Each structure stands twice: as structure tokens, then as C-alpha cells.
Amino acid sequence: SSRLFAVIRFESIIHEFDPWFNYRSTHHLASNGFYEFLNWFDERAWYPLGRIVGGTVYPGLMVTAGLIHYVLNLLHVTVHIRDVCVFLAPVFSGLTSISTFLLTRELWNQGAGLLAACFIAIVPGYISRSVAGSFDNEGIAIFALQFTYYLWVKSVKTGSVFWTIGCCISYFYMVSAWGGYVFIINLIPLHVFVLLLMQRYSRRVYIAYSTFYIVGLVLSMQVPFVGFQPIRTSEHMAAAGVFALLQAYAFLLYLKDRLTKQEFQTLFFLGVSLAAGVVFLTVIYLTYTGEWACIHVDFFFPRHTVFYSHLGPFYAKIHIPIIASVSEHQPTTWVSFFFDLHILVCTFPAGLWFCIKNINDERVFVALYAISAVYFAGVMVRLMLTLTPVVCMLSAVAFSSVFEHYMGDDTRREKPPAEDSSDEDDKRNSGNLYDKVSLLTMLMLMLLMMFAVHCTWVTSNAYSSPSVVLASYNHDGSRNILDDFREAYYWLRQNTDEHVRVMSWWDYGYQIAGMANRTTLVDNNTWNNSHIALVGKAMSSNESAAYEIMRSLDVDYVLIIFGGVIGYSGDDINKFLWMVRIAEGEHPKDIRESDYFTPQGEFRVDKAGSPTLLNCLMYKMSYYRFGEMQETEAKLDFRTPPGFDRTRNVEIGNKDIKFKHLEEAFTSEHWLVRIYKVKHLDNRESLDHKLRSVVPKQKYTSKKVRKSYLFQ
Amino acid sequence: AWQSGVGGHLGGLSVSAGGLVNEEVKRTVDLSTHLAKITTELVLSNQGHSAVQSFILSVEPDLAPHLAYIGASVKGDGEDDGLLEIQQSDIHGHSGDFYKVHLASSLAAGAQLKVKVEMTFSHVLKPFPTHITQAERQLVVFQGNHYLYSPYPTRSQTTRVRLASKTVETYTKLGNPSKNDEIIEYGPFRDVPPYSEDTMKIHYENNTPFLTIGSLTRTIEVSHWGNIAVEETIDLRHTGAVLRGAFSRYDYQRQSDSGISSIKSFKTILPASAQDVYYRDEIGNISTSHLQVLDDSVEVEVRPRFPLFGGWKTHYVIGYNLPSYEYLYTLGDQYALKMRLVDHVYDDQVIDSLTVKIILPEGARNIHMDTPYKIDRLPNQLHYTYLDTFGRPVLVVTKDNLVEHHIQDVVVHYNFNKILMLQEPLLVVGAFYILFFTVIIYVRLDFAITKDPAAEVRMKVASITEQVLTLVNKRLGLYRHMDEVVNRYKQSRDTGALNSGRKTLEADHRTLTNEISSLQARLKAEGSDLAEKVGEVQKVDSQVKELVCRSCQEAERLVAGKVKKEAYIENEKNLSSKRQEFVGRIDSLLDAL
């Protein structure tokens, strides 16, 4: 229920950026049907390229929401699709909780399962992705992840095809929901591989993995976005390799039964050398046919780069600024570990230790899960999400074993003192022990209580803001709602032509498409780096150069976010360096990052700032007429100079801003969103009265000359 | 067909029209808002030879398409101003719209009658210039008629024009009118022939909000469970001079006269009992609104997300709930819903196109509708919502060009069988019943395709062990009881009590032990290895029993003085520790079971 803070405090609305796209496509699905959705070509995005939405999304989320909406409407429960979308994540976090319980019960026992379910229900690391209104892939993917793992553990335990097929279906759902399915398809082979290494191979593992790999592979290829990737790209090669290895191993075991030791050894060597030869030949073949090159190209295909950046913290920073520019792709700090997991981060190594101490097949799995997830979470803040469930499970294991140990003793110890009253000494002794035990139990309970308090606090303060609507508090505690984003987006929706093209930085692409229903140039699906760089270049060039670019891109309006009036720090000027960097990556001749710094190497917007910065389009658009603005009502004590930027706490450097090719079209109430209209070409200017020079259409030359001209 | 019929009828009427004369006409043209409201007070005199039942009102052909409302009432000598019945009609040979007004009582020859006619025109004030910048003021042009457009000759008339401001660019100067602040007075004109027209053109400043509701869809959903839900979907447009050039927020915030013709907010008045008011659009709640509950109404200060400048538009939904007892009347199976067909949105509202949908409860029959004015009825629809099976009937009506005068009540009569009220709860009950019933069937019956003998045995064994457990615990209870008996004996030294206690112990113990052994035998028969464990329990138990007996004897000896107290305590301690050990073993065995 703490997930509903946002709805209670604000309203039933979709949060953030990506969910707006998901909402929009779900809306499309709900109103146009499934096949129309799969074939959807969205001409409203990536103008002039467009986007094939059906083939470039993980449809699981939309289909789930659409299906729920469809079923409800079939029963005449008239629920708007928006409400379905808003409340989908909390509903699925309930299911996650159940599947975590099942998984932990398989691993340890019922008590630990219950604790794990309680933890996952309130842990901030997961709440951050599953508050009401956060309609994102991760919300349902974590459920699918946990459930797939549960079914996998179950199928390894039983070796039954039934459970494995269940696991495959769940895996299919996961594939259709989130790109993080790669985590499953690598972790499960890893588990099998480690089991092989540990000499824990059994028929059950063989059945489970063989079935899982084949069926899972076929199912995952049914998702349009994934397509043939599972057999082409390197992320999936580990699974194939382990599959082959498992088959070989099983075959060898089979032979071992049939053959004598001598025969077996020769066969083994023969087999190994044969296998090596085959691999070698395949590589040569692939290199010749170019398939290998194709696989290599995939390494640099933008869609996969996110995956590679998952692998190494520095990959993205070096290669692609656009991935590095996203805040949730930054390496995780220690603070955020504690912030998101609190006490669990301390207890989970203990749980891991318990698991390793009493190892069995499925505990190997959870140990691998934990180790890999910790690594990934360290690489990227975003992947904290995959770590959270395993941390909950292992902490639950730790807590439950501690409780079992002490509380169990407690009940047994209670009997003797009740039995006889003769021995004073013994009684005091046991009483002491009793005190210690109860003290420890109390301490643990206190920890858990503090955890719960922390979780609620984090949820209410950090994760319950829709970020579309801002709230500020007055001195008397009353709340002010700053609704500038929607004000401006709605203005665009109502008062511009239906087909206008709006240029903005890519962060706002999905919101413009979702709320304003207008064509955007770039959006949060950052698949085309050069297009984004072009927009970045337009923003960071001077006005006339930018006008050229905007003309060539058919831009009608430019939308920027400016927080200087109210002190909103996430505005475009603060993101500006990323635009410059991304533009520089593609257009190193025109844009140089160093031009935007002062000679001292600072990024300043005041008088000392570099002239390139003070005259670039973004700067001019942000501060147009801001120089006249005098902030008096906010700060009564001292008069700030006119044009005082409250976000960066400086007086701006260029107050006299004039536009030639643009005009202000709309500015929201708190100046948070500013929209400029790109004027059409002035027809007066081109009237230069040059003398008409008549160019003869055809030169009359002799045939000889023409011939020689030809042969020149 | 209707119109031509009336037209035929009029042929005879125009003859009698010759007898009527407008003695004195006072026209007031109110142009202070974005509507043109023309109020005409006229004195009709019948100079013909026969009594007249009706007279004709006419509207100039230029203005006729914009006429939103026309109403006429007799201004009598203290009599009530009831509205007269008006029928649209036609006159051959003359353009314009004509309305036939039926008098309540006929006007005798030579008699006079005072009539007040109200007409409201929408979209007749044309902004000129049509595009203005943010700093400019809005100027509009009105084109009308200096004279009263009437089929009758007029003896004397005056026209008074009320403007929105003092600033007037130009105005036609027929008959040297006098201008005083916001008022221009024309006339008096004498002896004006019928159908006379002379263009009156006034170009003046008018910064009042030129708001127009492009389309309004009002949905009224009636529930017999005590609630009427009203939802209005409104398309709003600023129809004044279109904003040219840039919109500067700076100027708008700093200079009070910047964007003077723009609209920041307006008030919507809802019924007094309105609850749960919401105000939103496609992308969520509009947070810039205020609600004020007054005694006789609920006032919503509706502020669109952005100020509306000329040519800008917005779209929103406002909705609220009303208690049905205020609007729904019932007599047996007959119901009548009396509600406003259209409600107040803002002062001097203009609605270009209105659609009203009235959703009645499922099962409503014999529906008919009494509208206060002529309105187009579309075919009924069906609406499905929570727990509906065959759909709720929806009445749909539309009308164009409405103004404030159209805020009137509509009455919908229908029949509804009250038994149908029970349908929805029963549906829910039935659904749950079926759900539980299937669960019961699923749990109680065995749907397995194959029999699993092992599982059956396991279940049997489990039930037997359960019984063993309770019996063993009972037996241990016996020992505890015996201890109490012994303790009591130590104090009271009543040998009889001790003996009887011992006897009951012996007896109970024997029966319990027998029962356990029989269960053990059954376990063995099922082939369970638990039988051995039970046997072990039995063995340990017999030792415990022995110990109990011994402690009993010891106590006897102590009481008899055969042993010293110290020795007894020593002994007792031994015994009890041993017993503890055995009981522990039994416990652990039981746990293993």
C-alpha cells in the first residue's frame, strides 16, 4: 500500500518518461487491437525516420495491461486503460512477493520464505520501480524473473519436464517483457556449468536444462524484437555452449558405462581433438561467409551497447556518451546501496554464507545469482533492481536461521524452570541465558522495525513523485503544485497543428508524444545516435547555424526545459554539456566541447562564460527575456539583480537576447517549459536585385571539340 | 413538412397582419459581452377590424442564422410575464426568419398590447482587426439594423446601444445619435414602413472574454442506488481576435494590461448538492482549480492549464455526483427524472453544439422525454457498465447554438420494475456462490486419473500417528497428574487418596497403553516403519511409569518415616532427572513421528 502514496498525494497518472511511451503504446493496443499494434509504424517519433514500434519493443507489458483491460471490459467493469496501467505495477509486485516466497521456500524453508516475501514487499530498491504509476517493463519483469527462477529451481529439484515447461513459459513471458531476460539465459547455463564442475551432474539437471534450452530458445524467438538474436548474438552463446557441453558430458557418461577404461580414454582424446577441429573449421567458414563479421558488427550495434555497458563500468563511458549521459546508467554508489536495501545489505552476506555452508543444487544457484547480481548492481544503478530480490531472499535466510536458532532454544528452555523449584543456581543461570536470548531477539526485531520505517520513509520521500508534477511547500506547510510540464504539453496538444514537429532534447520525447501527441525528432528510445547528435548540434550552435539544421529537419517548434526561475535543477542548461558531447561525437568539426568552457575550464553561464556558450541556441532560448526579470517577491531581504538564475545562483551573462528566426510561442507559468516557434523563411530578404545573367542552354561547338571533350 | 404546413397557414395570416401597428418601440441592443442581446419593448395596436390571435416577430436575414434564443412575453398591467408560445414560420416574398407568437387572449380590434421580446445572437460581434498582438486591445464590429425589422409599420421607435467600453472607433450616425459613455442612443424614428432595414455598424473596444464552447457532451447517469453522476466534456475556444506573433510570459506576468482580452479563469456554477467534483483532461487532473461550496450552489473556479488567447482552445472534463432524491421522482413503478438539460458553464455562455446523453438504469421501459424547447432526438443507444447484462438505455439528444436562456429542466418519464434492483446484488452473490462451489467440488472430489496407493497409505499412517501422538501426550499428562497427587499426599498424608490416585493411574494407563499398542499393530499392518518407533516409545514409557511408581513409593516411605528427608530429596532428585531424560527421549521420538 505504500506504493499508492503517489496516487493519493497527486493523482492517478503515469510517472517519469519511459512509462509514457508504454502507456501510449498500450493505448494504441487497447484501441486498435493486437495485430495493429504489432504492425504499428509510429510516424510520430524520430521524424523523419519514424519508428517501427511493434518490432522494437518488448510487448509483454503492453499486452499484459491490454489483456487486463480487455477482460475487465468484457465483464463490463468500465475501467480506463490509464488506471489499469497505473495500478499494474503494484499488482505485479504482489505477485512478485508470492513468487519470492515460493522460491525462498524451495531454497530454505517456509519461515525464510515468509520473511523474504515481507522484505520484497517493502524494500525500496524494488518499490522504486513498482510504485503506482510507474508503468515500466521492470515492474512486471521482476515478477517474471523470480517466477522463472522458482520454476527452474523446482525443475532442477524434481527433474520433471512439467516444471521445466512451466519455467520455459515463464521465461517466454520474461523475454517478452524486458531486455533483462539475458540475465536469465546466462545465469541458468552458469548454474548448470557450475554444477558440472562441482560434480553435481545428475539426470535431473540434464532433463531440466535440455528441455529449458530448446523450448526456451524457440519461445524466445517468437518475440518480434528478439527475433533471431538468441542464435546470432554473443550474449546467448554461453547458453548454447553449455547446452553442447551438457550433451557431450551426458554422452561421455553413457559411453563410460558401456566401454572399458582403455577404450574410453582413446575415444575421449579422439573426441576432444575432433571437437577442436570442428570449432576451428566453423570459425574459418564463418569468417569467409561474413557471418562472423556480422556478429562482430553486432558488438557495436547500439541496441546491444546497453548490454555491454552492463558488463563493464567503463565501456559506456569510453564509447558512447549517450548511454553514459543517463543518470540511471551511472555506477552505483555505496550510499545508494544502503538507501535502497538498508539493513539487508549487511545481512545478506550472512545468508549467502548459510547457503554455501549447507550447499545443495539449488543453493548453488542462489549463490551464483547473488554474486552476479552484486556485480551488475555495482556497474549500474539501474541494475540494483536485479540485486534486490536475491538480497531479500538471502537476508530472509539469515534472519530466519538466527530466529530459528534462538527462538527454538527459547521454547525448549522454558520447560525446566517450570518443572522444579529446588535448584536456585540453575534457575539464575538459565534466566541469564534467557535474558541474552531475548535481548538478541529484541535487537533483531528492532532492526527489522527500523528497516520497515526506513522503507516507508524512502518510499514516501524519494519514490512517490510523478516527476511530471512538481510539488513545493510553502512556509506554512501548504502545498503548491507546479504543473508546468502538463501546461505546456497540453498547450502543444491543443493549439498547434496536428502534424507539427517538435524538437526537444531526447529526454522529453516520450512525454511530448504521450501528452502533447505531436511528432518528435528524438525520444527516449535512443536508437539512432547520429540523429540525437544532430539535435544536440542544433541546440549548441548559434542561431543561424541552428536554423539551417532545423530547416533541414522540418522543425516547427522547439521545446526546452528551463529551471532558472524556480530553481529546478534537472533543466536543459544542466544537461547541456551532454548535448555538446554527443554532438561533438558525430560532428567534431563544428562542435568542440572546449569552446563551451571558460579558459579556466569552467562551465559558467554568467558574464565570464565563453562567448560560444552565451550565443548558442540553447542558451538564448533559455534566457530569452530572462534578463528583464527581477525576482523580488521570493527574496525580500536583498534585491537580486535582474536575470538571476536560481538554479545556478548566478546572474546570467547575456541579457540582451534577440531572435531572428525564432519567436517565443509559449512559456509555462513558472517558466519551466519554454516553446519557441521556428519562423518560416522570410521572403523579403531573398530579394537581392542581381542582374539576371543569361546562361545559354547549349553551347554550340563543333563535333570534333565535343569528342575531344569526351575523351579528356 | 412542418414548415411548409405552417407556411400554407400563413397565407391567410398576412392579410390580417395589415391590421397590426407597432405604436411605440423601444429597442435596447446590449453589446457589452460577446453576445448581442436585443430587447424590444413594443406596443402593438390592432387597427384592423377583427380580433387577432397572434402576431409575427421577424429577424433580419443577416442576423437570422445567429439567433440563439427568442422569447416574447406580454408586459401587462400587473399580470404575470409568462412566456408566449412561439412557432417558427415563413412569409413569402421576404427574407429573414419569422416567428409566430400566439397570444394568450386575443387582441380585440382597436386594443393595444405591450410586448417584450428578447433575442440573443451569438457570434455576431466580429473582431476587427482579426489578428492582434499580445499588447493590443480587442476591437469588434457589430452590424445590425437601426430599425425594428417587423412586418408591421412602426409609428415611433428608439434604439439604445450599450457597449462594453467607452472607446468607440466608428459608428453609423443615422439621425444624429447621442453618445454618452458606453451608450449610444438612436432615434426617435417616426413612421417606419414594414421590413425597413438600415445598417447600423459599430466598431468598438470589447475585451470581455470571447469564450465559446465548441461542443459540450453532457452525460447523466442515473442509478437507483441513490446517485446521479454528471459528466461534461467541454471543448472551449477563444473566438475573439486571434493572437498574432509571440506570446510572452514575461509581459503577461509583469504588465497588467498585457493580453487583456485573454481568459485566465472563469466560474462554473454547479448544483448545491454536487459532490466529488473532478476537473481533468486526457493527461490527468488539472490542478489549477478552486472549489467553493456556497449555500445555494457549488462554485468551481475553472482555470484552464494555460491562459486562453485569441484562437487558442482547450478541452476538459468536469464531473460530479448528485444525490438522486433531489432529482428523481417516483410513483410506484413510474419514475420521472427532472434535471437541467444543460447547466451553467460560465456567464453569458455560448454552446455551439450540445449533446446530452441520459443513461437510465438497466430495465427502464416506456421512456419518453419532455423537453422545454425543440431538440433533436437521436436513436437510443445501449451502455454497459458494472454488472450489466443487457445494457442500459441511453437517450441521446443534440442541439446547436445554445445560450444561458437554455438552462431549463428536462423531464424523462420511464417505468422501472423495482425487483430489477435486486438483479445486481444477486449477480454478485451468484458469482461468488459458483466460485465457492467449484472450489468445494475441486477440494472434495478426487480428479486424479491414476490411483496412488502409496499416498493413500501415507495418509492413513499420518492419521494413525496423529492418534498415537494425542494418546502419548495424554499418558504423559497422567504422570503429571500423579505427581500432583503425590505432592498433595505429602502434605495431607492421606493414604486413601494416594491409593485411589494410584489405582486410577494404573487403570487409565493400561487402557491408553493398550490403545497405543493396537494402533501400533495397525501401523505395522500398513507396513510403516513408524511402528518400531512407537514400540520404542512404549518401552521408554514403561520405564517412566516405573519411575513414577517408585517416586510414589518413596513418598509413601517418607511419610511413613522410613527414610530421612535428605535422603528422600536426594532420591527424588535422581528419579526426577532420570524421568526428565526419559520424557525427553519420548519427546524426541514423538518429534520424529
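Reader: Let's start with H26(A): which of its residues are buried?

Author: This is a predicted model, and helix H26 of chain A covers residues 484-495. Twelve of its twelve residues are buried, so the helix is largely enclosed by the rest of the structure. Going along H26(A), the buried residues are Asp484(A), Phe485(A), Arg486(A), Glu487(A), Ala488(A), Tyr489(A), Tyr490(A), Trp491(A), Leu492(A), Arg493(A), Gln494(A) and Asn495(A).

Reader: And how far does helix H26 of chain A reach from its first C-alpha to its last?

Author: H26(A) has twelve residues, and at 1.5 Å a residue 16 Å is expected. The model comes out close to that, with a reach from first C-alpha to last of 16 Å.

Reader: Over in chain B, what share of residues 425-443 is helix?

Author: The UniProt record, an unreviewed entry, puts a "transmembrane region" at residues 425-443 of chain B. In the model the end C-alpha atoms of that stretch are 27 Å apart. Strand accounts for 0% of it, and helix for 100%.

Reader: How many disulfides does a search of the whole structure find?

Author: A disulfide is a covalent bond between the sulfur atoms of two cysteines. The search takes in all chains, and the number it finds is zero.

Reader: Which cysteine has the sulfur nearest to that of Cys118(A), then?

Author: A disulfide needs sulfur atoms within 2.5 Å. For Cys118(A), which is in no disulfide, the nearest cysteine sulfur is 10 Å away. Cys118(A) itself is partly exposed, at 47% relative accessible area. That nearest sulfur belongs to Cys392(A).

Reader: Same cut-off, other cysteine: how far away is the nearest cysteine sulfur from Cys167(A)?

Author: Cys167(A) counts as buried, with 0% relative accessibility. Cys167(A) is in no disulfide either, and the nearest cysteine sulfur is that of Cys168(A), at a distance of 5.6 Å.

Reader: Is strand S3 of chain B largely enclosed or not, and which residue in S6(B) is the bridge partner of Ile56(B)?

Author: Seven of the eight residues of S3(B), residues 52-59, are buried, so the strand is largely enclosed by the rest of the structure. S3(B) pairs with S6(B), residues 97-107, in the antiparallel sense over seven bridges. In S6(B), the residue bridged to Ile56(B) is Lys100(B).

Reader: Which strands stand at the edges of the open sheet S19-S23-S22 in chain B?

Author: The sheet has three strands, with antiparallel pairing. An edge strand here has a single partner strand, so one side of it is left without a neighbour in the sheet; that is the case for S19(B) (266-271) and S22(B) (290-293).

Reader: Staying there, which residue of S23(B) stands opposite Thr268(B)?

Author: S19(B) and S23(B), residues 297-302, run antiparallel and are joined by six bridges. Opposite Thr268(B) in S23(B) stands Val300(B).

Reader: What is omega for the cis peptide bond between Phe128(B) and Pro129(B)?

Author: Pro129(B) sits in the loop between S8(B) (125-127) and S9(B) (131-132). The cis bond joining Phe128(B) to Pro129(B) has an omega of about 5°.

Reader: Where does Pro188(B) lie?

Author: Gly187(B) to Pro188(B) is a cis peptide bond too, with omega near 5°. Unlike a loop residue, Pro188(B) is part of a strand, residues 183-192 of chain B, namely S14.

Reader: Is His76(A) buried or exposed?

Author: Phi of His76(A) is positive, near 60°, in a residue other than glycine. His76(A) belongs to the loop between H5(A) (60-74) and H6(A) (81-107). The cut-off for buried is under 20%, so at 18% relative accessibility His76(A) counts as buried.

Key: Residues are numbered from 1 along each chain as its sequence is written. Chains are lettered from A and ligands numbered from 1 in the order in which they are written. This is a predicted model: local features need pLDDT of at least 70, side-chain atom pairs count only at pLDDT 80 or more; totals for chains, interfaces and linings use all residues. Side-chain values use heavy atoms; hydrogens and water are left out. UniProt positions are given in the numbering used here, feature names are shortened, and annotations may be inferred rather than shown by experiment. Helices (H or I, at least four residues) and strands (E, at least two) are DSSP runs, numbered from the N terminus. Buried means under 20% relative accessible area, exposed over 50%, partly exposed in between (1.4 Å probe, protein chains only). Two strands pair if DSSP finds at least two bridges between them. The expected span of a helix is 1.5 Å times one less than its number of residues.
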